[in-house]
Amino acid sequence: METERFRVQCGDCFGLCCTALAFSASSDFGHDKPEATPCRNLDNEYRCRIHDRLRPSGYKGCTVYDCFGAGQQISQVTFQGVYDETTKPVMYALYPKMVHLQEMMWYLTDGIRPVTRAIHPVLEDKLAELDALTHSSPEELAALDLDQVRGTLLPLLAQIEELVQTPFAAEKGRRTLPRDWIGKNLAGQDFSGLSVRGQFLLAANLSNSRLRGVNFLGADLRDCQLAGADLTDALFLTQAQVNAAQGDAKTRLPERLLRPSHWT
């Protein structure tokens, strides 16, 4: 599936991430905002007034967030561009569900690589099934059991991980993962073929490290130092995780991910 499907297109969205979601004042967000309420920085055209200066204005969290293209999908496909007092409440309620569906599709698409060729038909069938769900009516989306859908996905993600990491198996046995990553200086090491699934890598220094084939599913990379690191074929890495980390021009990313503008 084309990467553009998951690329955020704010021009085709009604500012849903800035309206539907709630956030609290913190180092990442400049003020409290309840759910289903427009951010005070949102203009009448559903555009952010401070988009070009979010970080210095205290809205670092906004520069990290990524909806996997759910905003335009629910705005233009589910509700066919109709945004009024009748559709707004339903749209706000269904938006998080669409984000999860698009995220699941991102992971499956990431798993379609030459090394996983043996299971491509199964992955493509599941992708088609999820794509059909993203084209459901509002009523069908509301009734959808996400936990059930996610349960059918997990075995496939496990198969993908096994196939992607098999080439690193010989070296993998000689490596160990830290018990605690937060703030640790682990620069210049080789973690290829290992898994940091669900780990907190906050402010860890992985500069100039080799991270090929590493499973990043659900890992927290806020302020993780990735300058000069090699993530060429990192697994299940998302744009939001990359946005939250700190890299530079020498950081090697998977082709489907963009280099954040705040990386220097």
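These exercises, with worked solutions, cover helix packing and pockets in a predicted model.

**Exercise 1. Classify the packing of α2 against α3, and give its handedness and contact residues.**

Step 1. Locate the helices. Helix α2 spans residues 70–78, and helix α3 spans residues 87–110.

Step 2. Take the geometry. The two axes come within 8 Å and cross at roughly 125°. That angle makes α2 oblique to α3, because only angles over 145 degrees count as roughly antiparallel and those from 65 to 115 as roughly perpendicular.

Step 3. Assign the hand. The crossing of α2 past α3 is right-handed.

Step 4. List the contact. From α2 come A70, G71, Q73, I74, S75 and T78. They meet M91, L94, Y95, M98, V99 and Q102 of α3.

Step 5. Sort by class. This α2 contact with α3 holds 7 nonpolar and 5 polar residues, with no charged ones.

**Exercise 2. Describe how α3 packs on α4.**

Step 1. Start with the axes. Those of α3 and α4 lie 10 Å apart, at an angle of about 160°. The cut-off for roughly antiparallel is over 145 degrees, so α3 is roughly antiparallel to α4.

Step 2. Assign the hand. α3 and α4 cross in a left-handed sense.

Step 3. Name the residues. α3 supplies M98, L101, Q102, M104, M105, L108 and T109. On α4 the partners are L123, K126, L127, L130, D131, L133 and T134.

Step 4. Sort by class. The contact of α3 with α4 counts 9 nonpolar, 3 polar and 2 charged residues.

**Exercise 3. Repeat the analysis for α4 and α6.**

Step 1. Locate the helices. Helix α4 runs over residues 120–134 and helix α6 over residues 146–165.

Step 2. Read the geometry. The axes of α4 and α6 are 11 Å apart, and the packing angle is about 150°. Over 145 degrees counts as roughly antiparallel, so α4 takes that label relative to α6.

Step 3. Assign the hand. The α4 and α6 crossing is left-handed.

Step 4. Name the residues. V122, L123, K126, L130 and L133 of α4 make the contact with V149, T152, L153, L156 and I160 of α6.

Step 5. Sort by class. The contact of α4 with α6 has 8 nonpolar residues, 1 polar and 1 charged.

**Exercise 4. Characterise the largest pocket: its volume, its lining and the elements that contribute.**

Step 1. Give the volume. The largest pocket measures about 1,200 Å³ in volume.

Step 2. Find the centre. Its lining has 44 residues, and C10, H51, C62, T63 and Y65 lie nearest the centre.

Step 3. Identify the elements. Two or more lining residues come from each of α1 (60–64), α2, α3 and α8 (239–244). α1 gives the most, with 3 residues.

Step 4. Sort by class. The lining of the largest pocket divides into 26 nonpolar, 11 polar and 7 charged residues.

**Exercise 5. Do the same for the second largest pocket.**

Step 1. Give the volume. For the second largest pocket, the volume is about 550 Å³.

Step 2. Find the centre. Of its 23 lining residues, V64, Y65, A240, Q241 and A244 are the closest to the centre.

Step 3. Identify the elements. α1, α3 and α8 give two or more residues to the lining of the second largest pocket.

Step 4. Sort by class. The second largest pocket is lined by 11 nonpolar, 5 polar and 7 charged residues.

Technical notes:
Residues are numbered from 1 along each chain as its sequence is written. This is a predicted model: local features need pLDDT of at least 70, side-chain atom pairs count only at pLDDT 80 or more; totals for chains, interfaces and linings use all residues. Side-chain values use heavy atoms; hydrogens and water are left out. Axes are lines fitted to C-alpha atoms, for helices over the stretch in contact, and angles run from 0 to 180 degrees between N-to-C directions. Helices (H or I, at least four residues) and strands (E, at least two) are DSSP runs, numbered from the N terminus. Angles under 35 degrees count as roughly parallel, over 145 as roughly antiparallel, 65 to 115 as roughly perpendicular and the rest as oblique. A crossing is left-handed if the near helix is turned anticlockwise from the far one by less than a right angle, and right-handed if clockwise. Contact means heavy atoms within 4.5 Å. Ala, Val, Leu, Ile, Met, Phe, Trp, Tyr, Cys and Pro count as nonpolar, Asp, Glu, Lys and Arg as charged, and the others, Gly among them, as polar. On a 1 Å grid over the protein atoms alone, a cavity is a set of points where a 1.4 Å probe fits but cannot get out, and a pocket is an open set with protein on both sides within 12 Å along at least five of seven lines; lining residues have an atom within 4 Å of a point. Grid points are joined across faces, edges and corners, and a volume is the space filled by probe spheres set on the points.
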